[in-house]
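Student: I am new to this structure and would like a close look at a single part of it. Please take one residue as the starting point and work outward from there.

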Amino acid sequence: MTSGAPLPMMLSFMLPLMVGMIFQQFYSMVDTAVVGNYLGVEALAGVGSTGSISFMVLGLCNGICGGFAIPVAQKFGEKDTHGLRNFVGNMIWLGLGLGLLITLATTLSCRGILVLTNTPADTFRYAHDDILIIFMGIPATMLYNLLAGILRSLGDSRTPLLFLIFSSVLNVLLDLLMVVGFRLGVVGAALATVISQLVSGFLCLFYMAKRFPILHLSRDNLRLRKPYAFRLLMMGLPMGLQYSVTAIGNILLQTAVNGLGAVAMAAVVAGTRVSGIFETFIDSMGIMAATYAGQNLGAGKLDRVRTGVRQCVLMGCVYCLLALGALYFVGGRMAGLFLSGDNAAAAGQIIPLAHRMLIVWGIFYIPLINLNLLRFTIQGLGYSNLAVVSGVFEMVARGGVAIWLVPRMGFDAVCLAGPAAWVMANCFLIPAYLACVRRRAGEAKKETLPDP
């Protein structure tokens, strides 16, 4: 990604990512639709109420994996094969240790977390069954994200897509088999997700072993080295913590939503699933930006980073206008897919609330585009610690809305929580991005000056 016209190259990298995320959202929607249509509104609300908690934990895992991949992208841009392999070898040990630690901590505390978040009694059993299985599957989640992150760092975003498509189809089939066929309820839906993630992880592993000689590690590469491990942790932990800090605001908001009852909870679930489809473009742009910035930083081409950011902002604005139009006209119908005809009375309340939330979010997609683009670009430039600060801004905004506005404004305040967080984070990220670029440019200028 260090040569050629930036925009076509970024699009060619983004599109497989976006398609993969659409498939992820597709099987997430199928999970939700199967639960809502076959198990009822209480089950749908219970599963949905775990979303913010899952985001806090799985976001930590995914952020760590994404941060680990940035030094690999930088070494690939520098054409330092030995350093690249040492980073990958250390990623294996760190990923294994952190994955087991996070799994143990979360599975032991999930019931207490649900109590703290005020999960209603009529949805508690569904929420607990879902989140326990998801947390037990954290090693599978980390396996796929670590390996997919390495492949993307080397410029291959298509192969993880193919494996993700396969696992998404498998998830849909397992959903129907376990929930409808075996009647395992919420447990079956969660198991389908974990199994499909494990399959996609092993597919990535087999592919990398056969097709990427650059990733064939020697025993020496597998030694745990303090400088490499430290660098990986300094990149991965801030990215993971950024998601977790952001999720604290989501948990506070979910706690407030739980107090509004099952109808409001189900509306948030349905609206979030629909918005997830439209946010795949935004999320894929962020992941692309980290790899793009990392490779071009390694190659000493900061001007390409600036050009890429400007072009992505323009492209994102066009997309946001199109997405808002689509949400206005079909968002309500899409939200209705998660409810069966047997729940017509509840659907009459849930769908208008979900549609209202989608329109408000769509209006503020441009700040969300900017947030993802700048945050991941900053991380690709090597300043992952700043991601945590941006997460704090999001947490404060969402938490403030949850604590002060939801009790007074009800569901209208729920609709405003996300946009408030996106705008607040931009207030920090815009000047932070400009400062990071100036600092890297100054460092590059010093390196090119002749010795006195």
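In which helix is Phe202 found?

Tutor: Phe202 belongs to helix α8, which covers residues 185-211. The model is a predicted one, so every value below is computed from predicted coordinates. With a relative accessibility of 37%, Phe202 is classed as partly exposed, because that class lies between the buried limit of 20% and the exposed limit of 50%. As for a residue elsewhere in the chain, Arg111 is 91 residues from Phe202 in sequence, and the two C-alpha atoms are 31 Å apart in space.

Next comes the helix that holds Phe202. Helix α8 packs with α7 at an angle of about 155°, and their axes are 8 Å apart. An angle over 145 degrees counts as roughly antiparallel, and α7 and α8 are therefore roughly antiparallel to each other. The crossing in which α7 passes α8 is right-handed.

The loop between α7 and α8 contains Arg183. Arg183 is not a glycine, yet its phi is positive, at about 55°. Its relative accessibility is 71%, so Arg183 counts as exposed.

Aromatic rings also connect these two helices. A pair of aromatic rings is described by the distance of the centres and the angle of the planes. Searching the whole structure gives 9 aromatic pairs. One of them is formed by Phe163 and Tyr207, whose rings are 5.9 Å apart centre to centre, with 75° between the planes, an edge-to-face arrangement. This pair links distant parts of the chain, since Phe163 is in helix α7 (residues 158-181) and Tyr207 is in helix α8, 44 residues apart. Phe163 counts as buried, with 14% relative accessibility, whereas Tyr207, at 22%, counts as partly exposed. Another aromatic pair, Tyr365 and Trp422, is tilted, with 6.5 Å between the centres and 40° between the planes. The pair of Tyr365 and Trp422 also links distant parts of the chain: Tyr365 is in helix α14 (residues 365-380), Trp422 is in helix α16 (residues 411-448), and 57 residues separate them. Tyr365 and Trp422 are both buried. Back at α7 and α8, Phe163 and Tyr207 join Phe212 in one aromatic cluster.

A ring can also have a charge over it. The charged end of Arg125 sits over the ring of Tyr126, at 4.6 Å from the ring centre.

A second helix pair can be set beside α7 and α8. Helix α4 (residues 81-116) packs with helix α6 (residues 138-153) at an angle of about 155°, and the axes are 9 Å apart. α4 and α6 are therefore roughly antiparallel to each other, and their crossing is right-handed. On the α4 side, the residues in contact include Val88, Met91, Leu98 and Ile102, while those on the α6 side include Ile138, Pro139, Met142 and Leu146. Two glycines of α4, Gly95 and Gly99, are also among the residues that meet α6.

The loop between α3 (51-78) and α4 holds Lys79. Lys79 has a positive phi of about 60° and is not a glycine. Lys79 is exposed, with a relative accessible area of 72%.

To return to the starting point, Phe202 is a partly exposed residue in helix α8, and α8 is roughly antiparallel to α7.

Notes:
Residues are numbered from 1 along each chain as its sequence is written. This is a predicted model: local features need pLDDT of at least 70, side-chain atom pairs count only at pLDDT 80 or more; totals for chains, interfaces and linings use all residues. Side-chain values use heavy atoms; hydrogens and water are left out. Helices (H or I, at least four residues) and strands (E, at least two) are DSSP runs, numbered from the N terminus. Buried means under 20% relative accessible area, exposed over 50%, partly exposed in between (1.4 Å probe, protein chains only). Rings of Phe, Tyr and Trp (its six-membered ring) pair if their centres lie within 6.5 Å; planes under 30 degrees apart count as stacked, over 60 as edge-to-face and the rest as tilted. A charge sits over a ring if NZ of Lys or CZ of Arg is within 6 Å of the ring centre and within 35 degrees of the ring normal. Axes are lines fitted to C-alpha atoms, for helices over the stretch in contact, and angles run from 0 to 180 degrees between N-to-C directions. Angles under 35 degrees count as roughly parallel, over 145 as roughly antiparallel, 65 to 115 as roughly perpendicular and the rest as oblique. A crossing is left-handed if the near helix is turned anticlockwise from the far one by less than a right angle, and right-handed if clockwise. Contact means heavy atoms within 4.5 Å.
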